[in-house]
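Reader: Could you take me through one part of this structure closely, with the cut-offs behind each term? I would like to follow a single strand and then see what surrounds it.

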Amino acid sequence: MENIIYKEEVCGRIAVVKEMDMPFGHYYTGYIEILHKDPFSWRNHVEMGKELFFDSWDEFGEFPGGVTFAGSFSNIESEEGFVGFDTEPFAPGEYTKEDCLDILKKTANILAIRTRAAQEAIASQKSRH
(Lines give C-alpha, C1' and ligand atoms only; values in the text may rest on other atoms or scores of the structure.)
Protein backbone atom coordinates (compact mmCIF):
# COMPACT_ATOMS: atom_id res chain seq x y z
CA MET A 1 0.00 0.00 0.00
CA GLU A 2 1.18 3.53 -0.71
CA ASN A 3 0.16 6.80 0.91
CA ILE A 4 1.06 10.35 -0.06
CA ILE A 5 2.38 11.83 3.19
CA TYR A 6 3.73 15.09 1.74
CA LYS A 7 2.72 17.14 -1.29
CA GLU A 8 3.74 20.78 -1.32
CA GLU A 9 5.24 23.37 -3.62
CA VAL A 10 8.96 23.83 -3.06
CA CYS A 11 10.81 26.49 -5.08
CA GLY A 12 7.94 26.56 -7.60
CA ARG A 13 7.77 22.77 -8.06
CA ILE A 14 5.56 20.14 -6.55
CA ALA A 15 7.46 17.80 -4.21
CA VAL A 16 5.85 14.51 -3.15
CA VAL A 17 6.84 11.91 -0.58
CA LYS A 18 5.04 8.58 -0.49
CA GLU A 19 5.13 6.06 2.31
CA MET A 20 5.26 2.55 0.91
CA ASP A 21 4.12 -0.38 3.04
CA MET A 22 4.70 -3.45 0.93
CA PRO A 23 4.88 -7.16 1.76
CA PHE A 24 8.66 -6.95 1.22
CA GLY A 25 9.19 -3.88 3.40
CA HIS A 26 8.38 -0.37 4.53
CA TYR A 27 10.15 2.53 2.81
CA TYR A 28 9.71 6.00 1.29
CA THR A 29 9.77 7.40 -2.22
CA GLY A 30 10.31 11.01 -3.29
CA TYR A 31 9.38 12.89 -6.44
CA ILE A 32 10.08 16.37 -7.84
CA GLU A 33 8.09 18.02 -10.60
CA ILE A 34 9.59 18.72 -14.01
CA LEU A 35 8.38 22.04 -15.42
CA HIS A 36 7.75 23.31 -18.93
CA LYS A 37 10.70 25.70 -18.56
CA ASP A 38 13.08 22.78 -17.92
CA PRO A 39 15.19 21.44 -20.80
CA PHE A 40 13.17 19.82 -23.57
CA SER A 41 15.20 16.60 -23.23
CA TRP A 42 14.08 16.30 -19.59
CA ARG A 43 10.42 16.79 -20.49
CA ASN A 44 10.75 14.34 -23.37
CA HIS A 45 12.36 11.63 -21.22
CA VAL A 46 9.75 12.05 -18.48
CA GLU A 47 7.03 11.61 -21.08
CA MET A 48 8.73 8.42 -22.33
CA GLY A 49 9.29 7.15 -18.77
CA LYS A 50 13.06 6.89 -19.21
CA GLU A 51 14.39 7.43 -15.70
CA LEU A 52 17.95 6.25 -16.41
CA PHE A 53 18.51 9.34 -18.58
CA PHE A 54 18.43 11.55 -15.45
CA ASP A 55 21.27 9.75 -13.68
CA SER A 56 23.76 11.59 -15.91
CA TRP A 57 22.54 15.00 -14.65
CA ASP A 58 24.20 16.47 -11.54
CA GLU A 59 20.94 18.21 -10.64
CA PHE A 60 19.57 14.87 -9.43
CA GLY A 61 22.74 13.78 -7.62
CA GLU A 62 21.08 13.98 -4.20
CA PHE A 63 18.70 11.12 -5.06
CA PRO A 64 19.83 8.03 -3.12
CA GLY A 65 20.38 5.19 -5.55
CA GLY A 66 19.78 7.51 -8.50
CA VAL A 67 16.59 8.32 -10.37
CA THR A 68 14.20 5.35 -10.31
CA PHE A 69 11.06 7.00 -11.71
CA ALA A 70 10.16 9.29 -14.61
CA GLY A 71 6.52 9.82 -15.46
CA SER A 72 3.27 11.21 -14.17
CA PHE A 73 0.62 10.33 -11.61
CA SER A 74 -3.06 10.14 -12.46
CA ASN A 75 -3.97 11.67 -9.08
CA ILE A 76 -1.46 14.57 -9.07
CA GLU A 77 -1.69 17.34 -11.64
CA SER A 78 1.64 18.65 -12.90
CA GLU A 79 3.10 20.58 -15.83
CA GLU A 80 5.32 17.87 -17.29
CA GLY A 81 5.47 14.99 -14.81
CA PHE A 82 7.94 13.92 -12.15
CA VAL A 83 11.28 12.29 -11.55
CA GLY A 84 11.80 10.36 -8.36
CA PHE A 85 13.75 7.97 -6.20
CA ASP A 86 12.94 5.21 -3.77
CA THR A 87 14.67 4.06 -0.61
CA GLU A 88 13.62 0.39 -0.86
CA PRO A 89 17.15 -0.89 -1.66
CA PHE A 90 18.54 0.56 1.58
CA ALA A 91 18.42 -0.83 5.12
CA PRO A 92 15.10 -0.21 6.89
CA GLY A 93 15.22 3.14 8.65
CA GLU A 94 18.28 4.39 6.79
CA TYR A 95 16.11 7.03 5.12
CA THR A 96 13.23 8.68 6.99
CA LYS A 97 10.44 10.79 5.52
CA GLU A 98 12.36 13.85 6.80
CA ASP A 99 15.45 12.71 4.90
CA CYS A 100 13.35 12.38 1.73
CA LEU A 101 11.94 15.88 2.26
CA ASP A 102 15.42 17.31 2.72
CA ILE A 103 16.59 15.60 -0.49
CA LEU A 104 13.63 17.02 -2.43
CA LYS A 105 14.14 20.52 -1.00
CA LYS A 106 17.84 20.48 -1.91
CA THR A 107 17.02 19.24 -5.41
CA ALA A 108 14.28 21.86 -5.87
CA ASN A 109 16.75 24.56 -4.84
CA ILE A 110 19.40 23.25 -7.26
CA LEU A 111 16.82 23.21 -10.07
CA ALA A 112 15.71 26.77 -9.19
CA ILE A 113 19.32 28.01 -9.37
CA ARG A 114 19.80 26.21 -12.71
CA THR A 115 16.60 27.71 -14.15
CA ARG A 116 17.56 31.21 -12.98
CA ALA A 117 21.06 30.87 -14.49
CA ALA A 118 19.62 29.69 -17.81
CA GLN A 119 17.10 32.57 -17.89
CA GLU A 120 19.86 35.10 -17.14
CA ALA A 121 22.05 33.66 -19.89
CA ILE A 122 19.20 33.91 -22.41
CA ALA A 123 18.42 37.48 -21.33
CA SER A 124 22.10 38.38 -21.63
CA GLN A 125 22.26 36.98 -25.17
CA LYS A 126 19.10 38.88 -26.19
CA SER A 127 20.44 42.19 -24.79
CA ARG A 128 23.56 41.89 -26.97
CA HIS A 129 21.50 41.93 -30.16
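Author: Happy to! In strand 2, Lys-18 is the bridge partner of Ile-4. Strands here are DSSP E runs of at least two residues, helices are H or I runs of at least four, and both are numbered from the N terminus. This is a predicted model, in which local features need pLDDT of at least 70 and side-chain atom pairs count only at pLDDT 80 or more, while totals for chains, interfaces and linings use all residues. Residues are numbered from 1 along each chain as its sequence is written, and side-chain values use heavy atoms, with hydrogens and water left out.

Let's stay with the strand pairing. Strand 1 and strand 2 run antiparallel, with 8 bridges between them; two strands count as paired if DSSP finds at least two bridges. They form a hairpin with 2 residues in between, and Cys-11 in the turn has a positive phi of about 55 degrees. On to strand 3: strand 2 is joined to strand 3 by 8 bridges, again in the antiparallel sense. These two also make a hairpin with 2 residues between them. Val-16 has Tyr-31 of strand 3 opposite.

How covered is strand 2? Of its 10 residues, 7 are buried, where buried means under 20% relative accessible area, exposed over 50% and partly exposed in between, with a 1.4 Å probe and protein chains only. Arg-13 is a nice residue to pause on: it lies in strand 2 and is buried, at a relative accessible area of 2%. Its side chain reaches the backbone oxygen of Glu-33 at 2.9 Å. Contact means heavy atoms within 4.5 Å, and beyond its neighbours within four places in sequence, Arg-13 is in contact with residues including Glu-8, Asp-38, Leu-111 and Thr-115. For contrast, take Phe-40 in helix 1, which counts as exposed at 56% relative accessibility.

Now for the nonpolar cores. A nonpolar core is a set of buried Ala, Val, Leu, Ile, Met, Phe, Trp, Tyr and Cys residues joined through side-chain atoms within 4.5 Å. The largest one has 22 residues, and those with the most contacts inside it include Val-17, Ile-32 and Phe-63. Strand 1, strand 2, strand 3, helix 1, strand 5 and helix 2 are the elements that give it two or more residues. Helix 2 gives the most, with 6 residues. Apart from this core lies another, of 6 residues, with Ile-14, Val-16, Tyr-31 and Ile-76 among them. Back in the largest core, Phe-63 touches residues including Ile-32, Val-83 and Leu-104, leaving out those up to four places away in sequence.

Finally, the aromatic rings. There are 14 aromatic pairs in the structure; rings of Phe, Tyr and Trp (its six-membered ring) pair if their centres lie within 6.5 Å, and planes under 30 degrees apart count as stacked, over 60 as edge-to-face and the rest as tilted. Phe-54 and Phe-60 are an edge-to-face pair because their centres are 5.5 Å apart and their planes stand at 85 degrees. Both Phe-54 and Phe-60 are buried. Phe-69 and Phe-73 are stacked, at 5.0 Å centre to centre and 0 degrees between the planes. Phe-69 is partly exposed, at 22%, whereas Phe-73 is buried, at 12%. Trp-42, Phe-53, Phe-54, Trp-57, Phe-60, Phe-63 and Phe-85 form one aromatic cluster.

Definitions and conventions. Polar contact = N/O pair within 3.5 Å; in protein donor to acceptor, adjacent residues only side chain to side chain.
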